[in-house]
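Trainee: I've got this one open on the screen. Can we go through it, and can I push you on the wording as we go?

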Amino acid sequence: MAKVAVVTGGSRGIGAAISKALKAAGYSVAASYAGNDEAAAKFKDETGIPVYKWDVSNYDACAAGLKQIEADLGPVDVLVNNAGITKDAMFHRMTPDQWNGVINTNLNSLFNMTRPVWEGMRNRKFGRIICISSINGQKGQAGQANYSAAKAGEIGFVKALAQEGARAGITVNAITPGYIGTEMVRAIAQDVLDKHILPFIPVGRLGEPEEIARCVVFLASDDAGFITGSTLSANGGQYMA
Ligand code: CAA
């Protein structure tokens with residue numbers, strides 16, 4: 001039977017590419033999304049991948065959503081914690097809402113999503129947890145104290161949980177994308193992109209969502225069973241951790 005994979009934020013941006021690549025690799029995929037019903041419906045029509053709506057910053061919503069997916073598709077073998085938002089602002093202008101919004105969605109979601117599937121993975125002696133962190137959790141980014149803190153926290157989460165999961169056949173890894181050509185990056189002002197970002201990417205271009213999706217497919221595979229607690233950078237050479 002096909003392994004079951006859940007991708008949070010799986011109907012848009014990098015998440016959509018991950019969902020499609022996992023489906024192409026033979027997984028039974030479920031994509032969660034938070035709010036954009038129109039994009040989710042279009043994604044479902046185009047790909048045949050079922051979509052589930054809930055807020056990853058809410059523990060009870062995550063537990064209920066995962067229960068529904070397990071009832072529909074079976075136990076979760078692969079969890080891709082991809083959902084994330086930005087609320088960029090220079091720190092002297094950052095509000096508590098901008099701080100808490102990003103920490104809740106990008107960092108607290110890791111507990112909310114992973115905790116409900118963890119015991120099942122332990123019992124079945126197999127699991128893959130893949131967390132989509134960011135280059136900006138590694139190098140820090142002006143205008144993103146909230147996002148950089150959450151994404152750095154994600155790497156700590158991965159390293160701790162990898163130690164706990166190892167004997168139970170569960171690998172836990174992070175991928176740190178650089179600047180990928182998604183709506184999130186296109187929202188950056190063009191002059192900021194041109195002046196502060198593009199000149200510092202040695203390969204000379206933004207990344208493609210599919211380039212991150214292929215990393216996920218590899219880390220989810222049986223071939224990657226000896227890789228755990230690692231951070232796989234895919235950033236065009238912009239930062240070498
Ligand atoms: N690095 C260094 N300095 C920067 C900077 C950067 N990336 N971006 C802006 N600055 C500087 C500006 O040049 C400016 O300096 P001066 O006053 O000396 O000219 C100062 O910081 C203030 O910048 P702004 O005028 O742009 O301030 P603002 O309040 O209008 O905007 C901002 C602030 C929204 C944070 C804006 O600067 C911005 O969008 N910066 C980019 C932040 C970024 O890289 N976000 C990544 C989003 S994509 C993502 O998160 C995905 C991922 O994982 C990679």
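Mentor: Sure. This is a predicted model, and a good place to start is strand 1 (residues 4-7), which runs parallel to strand 4 (residues 78-81) and is joined to it by three bridges.

Trainee: What makes strand 1 and strand 4 a pair?

Mentor: The bridge count. Pairing takes at least two bridges between two strands, and here there are three, so they qualify. One spot to look at is A5, which stands opposite V78 in strand 4.

Trainee: What sits on the sheet there?

Mentor: Helix 1 (residues 13-24) packs on it, touching strand 1, strand 2 (28-33), strand 4, strand 5 and strand 6 (170-177). The direction of helix 1 makes about 170 degrees with that of strand 1. Angles run from 0 to 180 degrees between N-to-C directions, so a value like that puts the two close to opposite directions.

Trainee: How does strand 1 pair with strand 2?

Mentor: In the parallel sense, over four bridges. V7, for instance, stands opposite A31 in strand 2.

Trainee: Why are both faces of strand 1 called covered?

Mentor: Look at the side chains by face: V4 and V6 are on one side, A5 and V7 on the other, and all are buried. In a regular strand the side chains alternate between the two faces of the sheet.

Trainee: What is the strand order in the whole sheet, and which way does the pairing run?

Mentor: The order is 3-2-1-4-5-6-7, seven strands in an open sheet with parallel pairing. What makes strand 3 (51-53) and strand 7 (231-234) the edge strands is that each pairs on one side only. From one strand to the next, the twist averages 20 degrees.

Trainee: How do you know that strand 5 is largely enclosed?

Mentor: Six of its six residues are buried, so the rest of the structure largely encloses it. Face by face, G127, I129 and C131 lie on one side and R128, I130 and I132 on the other, all of them buried. Strand 5 also pairs with strand 4 in the parallel sense over four bridges, and I130 is the bridge partner of V80.

Trainee: C131 is in that strand. How many disulfides are there?

Mentor: Zero. A disulfide needs two cysteine sulfur atoms within 2.5 Å. For C131 the nearest cysteine sulfur is that of C62, 13 Å away, so C131 is in no disulfide. And C131 counts as buried because its relative accessibility is 0%, against a cut-off of under 20%.

Trainee: Why is C215 not bonded either?

Mentor: Because its sulfur is 14 Å from the closest cysteine sulfur, in C131, and that is too far for a bond. C215 is buried too, since 15% relative accessibility is under 20%.

Trainee: What makes A213 buried?

Mentor: Its relative accessible area is 2%, so it falls under the 20% cut-off. A213 lies in helix 9 (residues 209-220). Setting aside neighbours within four places in sequence, A213 is in contact with A17, I18 and A21. Its C-alpha atom is also 8.0 Å from that of S19, though the two are 194 residues apart along the chain.

Trainee: And why is K42 called exposed?

Mentor: Exposed means over 50%, and K42 has 54%, so it makes the cut. K42 is in helix 2 (residues 37-47), and its C-alpha atom is separated by 8.8 Å from that of S11, 31 residues apart along the chain.

Trainee: What is odd about the phi of K125?

Mentor: K125 has a positive phi of about 60 degrees although it is not a glycine. Most residues other than glycine have a negative phi. K125 sits in the loop between helix 4 (96-124) and strand 5 (127-132), and with a relative accessible area of 53% it is over the 50% line, so it counts as exposed.

Trainee: Last one: why call the chain as compact as a globular protein of its length?

Mentor: The chain has nine helices and seven strands. Its radius of gyration is 17 Å, and the globule rule gives 18 Å for 241 residues; the two are close, so the description holds. Also, 47% of the 241 residues count as buried. Among contacts with a separation of 6 or more, 71% come from residues 24 or more positions apart.

Terms used. Residues numbered from 1 in each chain as written. Predicted model: local features only at pLDDT ≥ 70, side-chain atom pairs only at ≥ 80, totals over all residues. Heavy atoms only, no water. Buried < 20%, exposed > 50% of the residue type's maximum accessible area, 1.4 Å probe, protein only. Contact = heavy atoms within 4.5 Å. Rg over C-alpha atoms; globule rule 2.2 N^0.38 Å.
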